[in-house]
Each structure stands twice: as structure tokens, then as C-alpha cells.
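The exercises below ask for a careful reading of contacts and salt bridges, each followed by a worked solution. Please look at the entry first and then take the tasks in order.

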2 protein chains.
Amino acid sequence: MQTIEQLLESKDIRVTAMRLLIYKFLAQKQVAVTLSDIENAFEKADRTTLYRTVKTFEEKAIVHQIDDGTGITKYALCEKGCNCEIETDLHLHFHCNNCNETVCLTEHKIPQIKVPNGFISEDINLVVKGICDKCSGQ
Amino acid sequence: MQTIEQLLESKDIRVTAMRLLIYKFLAQKQVAVTLSDIENAFEKADRTTLYRTVKTFEEKAIVHQIDDGTGITKYALCEKGCNCEIETDLHLHFHCNNCNETVCLTEHKIPQIKVPNGFISEDINLVVKGICDKCSGQ
DNA sequence: CAATAAATGCACTTCCATTGCACTTATTTT
DNA sequence: AAAATAAGTGCAATGGAAGTGCATTTATTG
């Protein structure tokens, strides 16, 4: 069992109170969050700090960025073994049109996509939109 | 053979000089264009007019919107028979990281995506990023 | 403890999307 | 055909989110 401190250190990220808080916030969330979500959760902290913290996490592959088509960038913690950079490891994201939340469907890998001759695929973004389990249940 | 005028009228869109020009511009383009692209092509026209024209086209299923992850909304003409609303008819988009252009790969349909129980899929956005045929050729 | 580097906070800028309102142009009604 | 109405266009302004420069604080290193 690795502590958050150890995780950050293993990625060459200095441990600060702010970063621990933001990490915990992301860990506790079951859905992808926007910068504004984080901002609202930490009203005392400056937006820039939150922004740069998330960017740092992103660079060090602690979180991955999600473009779910709402026009607002969202972030979610990478799962253990999540290699977001590796094309073959990409998972898909589900955006609920009802509650407006976006979740990672980590267990659902993106199927092989064929592209025409001459095209070289490097990265794939797949977002399914619809109604999530929470909203469809009722 | 249907004229542009007839097409617009069939969709309950009034024919104006501006709309014809914008339609022709989109038709001649082989790639998805941003609002700024259109703006640059019609410097005499106001940005708002272009914006609203494209929005009108979008509502009436003459163009479809593309979110290729660049953060800037792009638009492309729907092909004949393109039913962007129908999930099963969705095609994928390819964004070139080199020339920054986005093209519709209309002939490449999106494979069936499985989502977990309780999730209802209504729409799918799939963007493949990499190098396009023009840029990989050299 | 001093020197250095990184982290944080504040202010500001930029870019794109969008809207309100006035004005013009087209369409419909009398 | 003129008046009334509706739609289209242009100008100005707003809002939201992303990003940057710089000063200040906090942590790290010698």
C-alpha cells in the first residue's frame, strides 16, 4: 500500500499540503471534474495554483485530461496501471446528458479503429454520450 | 440535381446571398472549418452573421459540428444522406497533429461500442489524432 | 544561516462563444 | 401597393475558460 506522499515522490513531484488536498479530492470523486469544480472545493486557494497543480499531475501521468465535448476540460485520476499515453490502453469516457457528469469506463477499452491508407493514428478520443446508470435507474 | 437554393428551401431556410456564399465556401472545403476560417474568407461580413448562419445550418442538419479536441469548434457540411443525429450513422473524424486540419472520414463508421449495464448510449464522438495522408506522404 | 529553487497568489491577457439591441431587408397582410 | 410583421444582418458588449508574467512566500540545499 503506497501513500499519496510516496506516489508523488516517485513521480518527482514535491509534496505540498495543496497537492495532497487536490489529490484526495480527485481520488474521492467518482467522476471527472472541471477546474471550476476544484475551485469550488477549495475556495481559499487561488485558481492558478489549482490549474498548475492539475497540469503538473497531468504531465506526470497522475491525472488525465478528458474532453467530453462540453467544451470544458475535465480531469480524472489515472487508475493504477493506467497508461493514458499508450494508444492501446485508451479507455473511453461516458458523458451523461442528464446529470452532466463524465465518468471513465476504464474497463472498456477502445476497439481497434481502422483509418484509410496514408493516415497514421497516434491517439484516440472516444466519448459516448447518453444516460448514465444513476440517471437511468429512476 | 438539386440546387443550393432548393436544398435550403427544403429545410425551411430562407435563401440569402450570405447563406449561399457560406454554403459554397463549406462545400468547396475538403476539411472541417472553424468560425474564424469562415470569418477570414468573408471579411466584409460580420462575425455574428456567420456564427448564426452556421448555427442555423447546424439546426437544420446541413452542417455538423466537430469537436476535435483542439478546443475550437469546427464545422463541416453533412454529406448527402448524412444523418448525424442517428447514432448508427456516426462517422469518425481525423485530426492531423501536423497540419492541424480535421477531416470527416465519412466512409468509416464507428464500431459498436459496448457500455456497462444501466448506461444508455445516445451519441458517440470519436476523434482519431495523428498524421494525415497529405502530411505522412512526404 | 545564506543562497537557491520551487510553489503559490494576484493581476492581467487572450481567445472563442454567445447575446442584446438597433437597423435593414424581405415577406405577408390588408 | 402600402403598412405591418417577421427574419436577417451588423455593432457592441459580455462571459467563461485557458493561459502567462511577476512578485511573494515557502521549502530545499549547501
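**Exercise 1.** Determine which helix gives the most to the surface near DNA strand C, and describe how the protein meets that strand.

*Solution.* Step one is the helix itself: α4(B) gives the most to the surface near DNA strand C, contributing five residues. The model is a predicted one, and the distances that follow are computed from it.

Step two is the set of neighbours. DNA strand C is surrounded by 18 residues, and the closest are A:T16, A:R19, A:T49, A:R52 and B:Y51. Of the strand's atoms that come within 4 Å of the protein, sugar and phosphate account for 70%.

Step three turns to individual contacts. A phosphate oxygen of DNA strand C lies 2.8 Å from a polar side-chain atom of A:T16, and another contact places a polar backbone atom of B:T73 3.0 Å from a phosphate oxygen of the strand. A base is reached as well, since a polar side-chain atom of A:T48 lies 3.1 Å from a base nitrogen of DNA strand C. The elements that give two or more residues to this surface are α2 (17-28) and α4 of chain A, together with α4 of chain B.

Step four is the composition by class: the surface near DNA strand C has four nonpolar, six polar and eight charged residues.

**Exercise 2.** Carry out the corresponding analysis for DNA strand D, starting from the residues that come nearest to the strand.

*Solution.* Among the 18 residues around DNA strand D, those that come nearest are A:Y51, B:T16, B:R19, B:T49 and B:R52. Sugar or phosphate supplies 63% of the strand's atoms within 4 Å of the protein, while the rest belong to bases.

The next step is to separate the contacts by the part of the strand they reach. On the phosphate side, an N or O atom in the side chain of B:R19 is 2.6 Å from a phosphate oxygen of DNA strand D. On the base side, the side chain of B:R52 places an N or O atom 2.5 Å from a base oxygen, and a polar side-chain atom of A:R47 lies 3.1 Å from a base nitrogen.

The last step assigns the surface to elements. Two or more residues come from each of α3 (35-41) and α4 (47-59) of chain A and α2 (17-28) and α4 (47-59) of chain B, and α4(A) gives the most, with five residues. By class, this surface has four nonpolar, six polar and eight charged residues.

**Exercise 3.** State how many salt bridges are found over all chains, and work out whether the partners in three of them are buried or exposed.

*Solution.* A search of the whole structure finds seven salt bridges, and three of them are treated here.

In the first, A:K55 pairs with A:E58, with the closest N and O atoms 3.4 Å apart; both residues lie in helix α4 of chain A, three residues apart, or about one turn of the helix. A:K55 is partly exposed at 24% relative accessible area, and A:E58 is likewise partly exposed at 25%.

In the second, the side chains of A:D68 and A:K74 meet at 3.1 Å, N to O. Buried means under 20% relative accessible area, so A:D68, at 0%, is buried, and A:K74, at 6%, is buried too.

In the third, B:E101 and B:K134 have their closest N and O atoms 3.5 Å apart. This pair links distant parts of the chain, 33 residues apart, with B:E101 in the loop between β4 (91-96) and β5 (102-109) and B:K134 in helix α5 (residues 133-136) of chain B. B:E101 is partly exposed at 32%, whereas B:K134 is exposed at 56%.

Conventions
Residues are numbered from 1 along each chain as its sequence is written. Chains are lettered from A and ligands numbered from 1 in the order in which they are written. This is a predicted model: local features need pLDDT of at least 70, side-chain atom pairs count only at pLDDT 80 or more; totals for chains, interfaces and linings use all residues. Side-chain values use heavy atoms; hydrogens and water are left out. A residue is near a molecule or strand if one of its heavy atoms lies within 4 Å of it. A polar contact is a pair of N or O atoms within 3.5 Å; within protein, one must be able to donate a hydrogen and the other to accept it, and residues adjacent in sequence count only if both atoms are side-chain atoms. Helices (H or I, at least four residues) and strands (E, at least two) are DSSP runs, numbered from the N terminus. Ala, Val, Leu, Ile, Met, Phe, Trp, Tyr, Cys and Pro count as nonpolar, Asp, Glu, Lys and Arg as charged, and the others, Gly among them, as polar. A salt bridge is a side-chain nitrogen of Lys or Arg within 4 Å of a carboxyl oxygen of Asp or Glu. Buried means under 20% relative accessible area, exposed over 50%, partly exposed in between (1.4 Å probe, protein chains only).
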